[in-house]
Each structure stands twice: as structure tokens, then as C-alpha cells.
Amino acid sequence: MLPAPGDMPIITLNEGDTPLIEASRLAQAIDPKLKIFLKFEGLNPTGSFKDRGMTLAVSRARYEGMHSVICASTGNTSASAAAYAARGEMRCYVLIPGGKIALGKLAQALIYGAKVIPIDGNFDEALCLVREISENHPIALVNSINPYRLQGQKTAAFEIVDALGRAPDYHALPVGNAGNITAYWMGFQQYAASGRCAGLPKMLGFQAAGAAPIVDGAPVANPETIATAIRIGNPASWKSALKARDESGGLIDKVTDAEILAAYRMLASLEGIFAEPASAAPVAGLLKLAKRGYFQREAVVTVTLTGHGLKDPQTAVDQVPEPQMVPARRDAILRILDL
Ligand code: F0G
């Protein structure tokens, strides 16, 4: 199912095969008619779904004789590119929006040995720059406009069908540069075409309200959101995201930062799953849709949790009051315990 020639050495960290976790407490809170399953992509080797595409894009670049890779990133792509480049003995260069990526992602890119270049600009500007550079120099671009990235990412849709034994009725996921919604739609369609499932899900994409060009119908010059992973104003795969939405009969909507943070806390406190803020956007989206009566009957809903919460610990600790130090004495502790 993948464009990988037999003699191509595969640069891999054993990505994929992430769990599909039933979330019954979350379903109870959102809409008891639904069965909700979470595809926890934060359990990939570098903590996000990017690894599925990066194994193929980096293997391919190496196979074609390249010695270095470059990308623009809101964080996760840079972490993944840096790891696979290290493993494939290649150099890695990443352009990031200065001061606007989560600390864990920056730490990853640095420790894997990438050359990290923060720019005084946003993701969209960084992507324009790396596109230009890769067109004029012998360096492989590993952003999702690299077709091998989406080919690799489609495998998550295959795994969902394999785990459920059928296609879900709805699939929800966050939308930033819009590569992943494109990849999932391709994956579900290919699986159906090869006879592995009968139906196809309606694709439900969610952008952050301050970075919702597809929903608002125009590029956003200065996107802003707490979900820095999807702080993107001019998605590269805009057209194919619309195609996924329309062909599947789904929708692309937006959720506010307050809604994202509420969903982020719900995932952790109801299900014990710590996903990064961008990953909570589709959960916030399902809450929004359920409130307006979108789901008419029982349905199976799958949700991609795109990245691990540990990537962005600051956002988590900012959500709760700071624990206060107490004397190391039993009576002091017992006064605090709610027994
Ligand atoms: N969720 C997370 C955690 C992401 O890192 C991204 C994208 C998305 C969702 C959106 O996926 O772009 O395919 O629509 N992160 C990219 C990066 C842009 O540079 O790491 P998309």
C-alpha cells in the first residue's frame, strides 16, 4: 500500500501501531449516543503522528541520494525530521516561528542534532522560505507537501479500520497545514477500494478560532492560538482538505482556545490521556457539534489525538493551581487529604 521500492532501505523507529482507545466517559459527557475511540498518535516514537510520514519521506530522500533534509515547523515536524535524519545519517535543518513552539518539541529537535533556525516570522513564512531553498539547492523538503509524507500518514486510517473491523461513521481530527486530513481521507478511500471496509467516514476537521483560514474562507495573516501546533494561516493542503470535507459529506469548523483547553482537561481527567492542546481541538469540536444536535443517531466516532501532552508541559501546569509545599509531617498531610 506504500510507494516503497523493494531495494529501498527503510529508516524507521518502529512508528505506527498506536492504540485505538475506547473513551466511554468522554462519550457519556459529549453525547451518550456515540461510541468514541481515540487514536493516540502521541505514542509514536517522537510523540506525534508525523513519524508515520517521516519514515517514508526520509527513507526516500536518502534512497534518492540526498544527504540533508529541511522543513518548516510548528514543532512536531521538526522533532520527527530531526530524529529520522539522525537515524539515516543525514543533516537536518528546521525553520521555526521564533518563541512560538512548545518547549518539548524544541528540546527534541536540538538533542537529535538538527540545526534549528528560529525566524522572526510565522509558520507560513517559514514554509515559503524552505520551499524556495529546497527548489534551488540539493536538500529534500520533508514538510507534508512532500507526497511521501501523506502516503505514510494514511496508514493511521488503515489501522483504525483494522482495529474496529469496519470504517467509523465519523472521523475527527485537528487541521493545521491540512496534510493529515488529506492523508486520512486517502487512506480510508484506498482501504474501501481494496475491499477492506464497506463504508467511509464523514471527515470532521477542526481549526483553532484564531487560525481558521479554511472555515473563514481566507488566509489569516497573523494566526494566534494556544494550540501552537496548528497556528497556521495559509494551509498548503487547503484544496485537498475541502475535497476530503465535501467528498465525505463532513465539515470543517473552528473551536476557541477556551473550548480547546476545556477539552484538553477533559481528556486527561476523564480518560487519563494527556494529549497536547492541538489534539484536543477535535474533542472540543465534537462537544460543539453535539450541543447543536448534529448527531442524530448512534454512531462510531474516531478521533486522532495527534501529539503527546508531554510536548507542552507549560500549558498543562498553567491550567491548574500550583501545589503548595507543606511540612513533612503526617498531621499536616492529613489536613490536606480529603479522606
Ligand atoms: N496536531 C499536531 C500535534 C500537529 O503538530 C499538527 C501539525 C497538526 C495537528 C495539524 O496537522 O498540519 O497535517 O493539518 N503540525 C505541523 C508541524 C504543522 O510543523 O509540526 P496538519
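Student: Where does the ligand sit, and what makes you say that?
Tutor: In the largest cavity. More than half of its atoms lie within 2 Å of the cavity's grid points, a cavity being a set of points on a 1 Å grid over the protein atoms alone where a 1.4 Å probe fits but cannot get out. Bear in mind that this is a predicted model, where local features need pLDDT of at least 70, side-chain atom pairs need 80 or more, and totals for chains, interfaces and linings use all residues. Numbering runs from 1 along each chain as its sequence is written, and side-chain values use heavy atoms, without hydrogens and water.

Student: Why does S73 count as a polar contact of the ligand?
Tutor: A polar side-chain atom of S73 is 2.8 Å from a ligand oxygen, and the cut-off is a pair of N or O atoms within 3.5 Å, so the pair qualifies. T74 gets there with a backbone N or O atom at 2.8 Å from a ligand oxygen, and N180 with a polar backbone atom at 2.8 Å. The protein covers 98% of the 470 Å² of accessible area (Shrake-Rupley, 1.4 Å probe) that the ligand has on its own.

Student: What makes strands 4 and 5 a pair?
Tutor: Pairing takes at least two DSSP bridges, and strand 4 (residues 91–97) and strand 5 have five, in the parallel sense. P97 stands opposite I119 in strand 5.

Student: What is the strand order of the open sheet, and why are strands 5 and 6 at its edges?
Tutor: The order is 5-4-3-6, with parallel pairing. Strand 5 (115–119) and strand 6 (140–141) each have a single partner strand, so one side of each lacks a neighbour in the sheet.

Note on methods: Polar contact = N/O pair within 3.5 Å; in protein donor to acceptor, adjacent residues only side chain to side chain. 1 Å grid on protein atoms, 1.4 Å probe; cavity = no way out; pocket = protein on both sides within 12 Å on 5 of 7 lines; lining within 4 Å. Helix = DSSP H or I, 4+ residues; strand = E, 2+ residues; numbered from the N terminus.
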